[in-house]
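Visitor: I am new to this one. Could you walk me through how to read it?
Guide: Gladly; let us look at it together.
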Amino acid sequence: MMRESSPRPEEAAPARDIEIITRSPEQTEALGEKLAKYLKAGTVVALRGTLGTGKTCLAKGIARGLGVKETVTSPTYTIICEYEGTLPFYHIDAYRLSGDGEFEALGAGELLYGEGVTVIEWSERVPLSVPPEAWVIELSLLDEGGRKIRVRAADPALGRDMEL
Ligand SMILES: Nc1ncnc2c1ncn2[C@@H]1O[C@H](COP(=O)(O)OP(=O)(O)O)[C@@H](O)[C@H]1O
Ligand SMILES: [Mg+2]
């Protein structure tokens, strides 16, 4: 039986839930760059959203924010791309994976617990591999052409300077 006084994880680390509208690819990338300032070694960012919603674009911005100088391309075919920034940056695309088993077999699971920042596109395809403390970012298309980007993360400082 759960006691009233037992601290719940969400109380220990209050989740922030913010929603940003971007109106261009440049704004999506700029948002990624801003979010990167809050990422620490070992943070996993789970990107959800169908094809063309801007996941790779956001990941490019995150990479730039982490000081990655190399050109970041979509990892759809390579599955895992590794870059060197102020922290190691691992960019994974789960689109072509059959599920969590294949993700683990590729060694992707181990990266998540290393010293880098990991961004996973199509994270909904590998739900069991996404750590519970991961940031969750949901991207969706707006009728008028922009993107709605919802960010949930257990960082109380997040969201104070997200104006684009
Ligand atoms: N806010 C936005 N408004 C319009 N187009 C955008 C926006 N953000 C990203 N895009 C564009 O959407 C397209 C798909 O982006 P991409 O990052 O490849 O999507 P995904 O990785 O989710 O499939 C790209 O051409 C990108 O430049
Ligand atoms: Mg992509």
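Guide: The protein has 5 helices and 7 strands; helices (H or I, at least four residues) and strands (E, at least two) are DSSP runs, numbered from the N terminus. This is a predicted model, where local features need pLDDT of at least 70, side-chain atom pairs count only at pLDDT 80 or more, and totals for chains, interfaces and linings use all residues. Residues are numbered from 1 along each chain as its sequence is written, while chains are lettered from A and ligands numbered from 1 in the order in which they are written.

Visitor: What pattern do the helices and strands follow along the sequence?
Guide: Read that way, the pattern is α-β-α-β-α-β-β-α-α-β-β-β.

Visitor: How do strands come together, and what is the strand order in the sheet here?
Guide: Strands of a sheet pair through backbone hydrogen bonds, either parallel or antiparallel. In this protein, 7 strands form an open sheet with mixed pairing, in the order β1-β7-β6-β2-β5-β4-β3. Two strands pair if DSSP finds at least two bridges between them. β1 (16-22) and β3 (80-84) are the edge strands, each pairing on one side only. From one strand to the next, the twist averages 15 degrees; angles run from 0 to 180 degrees between N-to-C directions, with axes as lines fitted to C-alpha atoms, for helices over the stretch in contact.

Visitor: How many bridges join β1 to β7?
Guide: There are 7, and β1 and β7 (residues 147-153) run antiparallel. For T22, the bridge partner in β7 is R147.

Visitor: Which strands does α2 touch?
Guide: Contact is a matter of distance: two residues are in contact if their C-beta atoms, placed from the backbone, lie within 7 Å. α2 packs on the sheet and touches β1 and β7, its direction making about 150 degrees with that of β1. α3 also packs on the sheet, touching β2 (44-48), β3, β4 (88-93), β5 (117-121) and β6 (135-141). The direction of α3 makes about 170 degrees with that of β5.

Visitor: Which residues come nearest to ligand 1?
Guide: A residue is near a molecule if its C-beta atom, placed from the backbone, lies within 6 Å of it. Of the 18 residues around ligand 1, P25, G54, K55, T56 and C57 come nearest. The elements giving two or more residues to this shell are α2 (25-36) and α3 (55-65).

Visitor: What does the C-alpha trace span along its principal axes?
Guide: The span is about 50 × 40 × 35 Å.
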